[in-house]
Amino acid sequence: MNFELQQVTRRFHGKTAVDQVTLTIPHGQMVGIIGRSGAGKSTLLRMINRLVDPSEGVIRFGDLDVSKLKGAALRRWQSDCAMIFQQFNLVPRLDVLTNVLLGRLNRRSTLSSVLGLFTREERILAIAALERLGIEQTALQAAGTLSGGQQQRVAIARALMQEPKMLLADEPIASLDPLNAKIVMDSLRDINEREGITVITNLHTLDTARSYCERIIGMAQGRVVFDGPPDALTAQAVSAIYGTGRDGVGIDESMTSTALPASAIAAQVGATPSAREGSMANA
Ligand SMILES: Nc1ncnc2c1ncn2[C@@H]1O[C@H](COP(=O)(O)OP(=O)(O)OP(=O)(O)O)[C@@H](O)[C@H]1O
Ligand SMILES: [Mg+2]
């Protein structure tokens, strides 16, 4: 089922944040959105799950007119396209398992949600989601005591509990060190490949978009200025997205990257699998 944006525009107090964006995203694609700060990336994602309403244009998922949804139908849609944020948006004082179970909220009655009456099946699903992300050993810890990378994996597990049709991620790795960034991006890719869920993620580093996304959308001043596979992202396309540097000097791709040199990542990654396996075996 295709997901479509037709001439979607959003203005804030006369300023245009997203300007007539038209896109078709086939089901199951892994899409990266890149662009400078203020280009409209977050506004675009927020319109997709209707945290922000478009000023103009139509958003469709198959036959469903997403831009017109209200009430229960809107809540169902918001549950169908789970969102992951840079700052994780967990409830820090609640334990990890409960945070993951909160992903079920939109599927249950308010009363049973308020009373915390999660079923045995839901708890089993939540543990399975944590296992999938390799953090089941943290289930009973307060979410706020986890590392950033672990917290983002909890947020992904919570998103999985929504059994979403799409996964939207707004700079999911911007607060993480390179090793945790890799673990989180690998998880998103794994979900995209194994569940076939469409993943649309804003990224502030070009190299991440290149290595993980089959399709890259470049935005500048609210408009789509590039849309294609990583191979097509030439230096010219990069400068159309990020603009040329001051003094007419072209942008250096490394300026858009926070990655460590490959050797440093290799050293860190080399140290990880055993650490992860060790903690899983102990769980
Ligand atoms: N709620 C709002 N009220 C007023 N202006 C807003 C609002 N949200 C976004 N904007 C403006 O819309 C433009 C696009 O913002 P947006 O957050 O979508 O950019 P972005 O590409 O996500 O940037 P960043 O990389 O810094 O996250 C900016 O000029 C921003 O100031
Ligand atoms: Mg943003």
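1. Let me start with Glu-171, which sits in the loop between E7 and helix H7 (178-195). Its phi is near 50°, a positive value in a residue other than glycine. Despite the loop setting, Glu-171 counts as buried, because 20 C-beta neighbours lie inside 10 Å and 20 is the cut-off for that class. Please keep in mind here and below that this is a predicted model.

2. Gln-7 makes a good companion to Glu-171. Gln-7 is not a glycine either, and its phi is positive, at about 50°. This residue belongs to strand E1. Is Gln-7 buried or exposed? Gln-7 is exposed, since 12 other C-beta atoms lie within 10 Å and a residue with 12 or fewer falls in that class.

3. Now the chain as a whole. The protein chain holds 10 helices and 10 strands. Of its 283 residues, 38% count as buried. Among contacts with a separation of 6 or more, 68% link residues that are 24 or more positions apart.

4. The strand that carries Gln-7 is part of an open sheet of four strands, ordered E2-E1-E4-E5, with antiparallel pairing. At the edges are strand E2 (15-25) and strand E5 (64-65), each of which pairs on one side only. Strand E1 (residues 3-12) and E2 are joined by seven bridges. If you want a place to check the register, look at Phe-3, which stands opposite Ile-25 in E2.

5. Arg-60 lies in strand E4 (residues 56-61), another member of that sheet. Arg-60 is partly exposed, because 17 other C-beta atoms lie within 10 Å, a count between the limits of 12 and 20. Setting aside neighbours within four places in sequence, Arg-60 is in contact with Glu-4, Asp-65 and Val-66. The C-alpha atoms of Arg-60 and Ile-48 are separated by 9.2 Å, with these positions 12 residues apart along the chain counted as their spacing.

6. Ile-48 brings us to helix H1, where it is one of the buried residues. H1 is mostly covered, with seven of its eight residues buried. The others on the buried list are Lys-41, Ser-42, Thr-43, Leu-44, Leu-45 and Met-47. After H1 comes Arg-50, whose phi is positive, near 65°.

7. Which helix gives the largest share of the shell around ligand 1? That is H1 (residues 41-48), with three residues. The full surround consists of Phe-12, Ala-17, Gly-35, Ser-37, Gly-38, Ala-39, Gly-40, Lys-41, Ser-42 and Thr-43. Sorted by class, this shell has three nonpolar, six polar and one charged residues.

8. Helix H9 (residues 235-242) has a clear sidedness. Its buried residues are Val-238, Ile-241 and Tyr-242. They cover an arc of only 80° around the axis, so they fall on the same side of H9. The general geometry helps here: an α-helix has 3.6 residues a turn, so residues three or four places apart point the same way. The buried residues of H9 pack against strand E3 (30-35), helix H8 (206-212), strand E9 (215-220) and strand E10 (223-228). Following H9 is Gly-243, with a positive phi near 80°.

9. Helix H8, one of the partners of H9, contains Leu-206. Leu-206 is buried because 24 other C-beta atoms lie within 10 Å. The C-alpha atoms of Leu-206 and Ile-33 are separated by 9.5 Å, although the two residues are 173 residues apart along the chain.

10. The largest nonpolar core has 72 residues. Those with the most contacts inside it are Val-100, Ala-129, Leu-130, Val-154, Ala-157, Leu-167 and Leu-168. Helix H6 (residues 148-161) gives the most to this core, contributing seven residues. Beyond its neighbours within four places in sequence, Val-154 is in contact with Leu-90, Val-96, Asn-99, Val-100, Ile-135, Ala-143 and Leu-146.

11. To finish, a look at E6 and E7. Strand E6 (residues 81-85) is mostly covered, four of its five residues being buried. E6 pairs with strand E7 (residues 166-170) in the parallel sense over five bridges. Across this pairing, Ala-82 stands opposite Leu-167 in E7, and Leu-167 is among the residues with the most contacts inside the largest nonpolar core.

How values were computed. Residues numbered from 1 in each chain as written. Chains lettered and ligands numbered in written order. Predicted model: local features only at pLDDT ≥ 70, side-chain atom pairs only at ≥ 80, totals over all residues. Helix = DSSP H or I, 4+ residues; strand = E, 2+ residues; numbered from the N terminus. Contact = placed C-beta atoms within 7 Å. Near = placed C-beta within 6 Å. Nonpolar A, V, L, I, M, F, W, Y, C, P; charged D, E, K, R; others polar. Arc of directions from axis to C-beta. Core = buried A, V, L, I, M, F, W, Y, C linked by C-beta atoms within 7 Å. Pairing = 2+ DSSP bridges.
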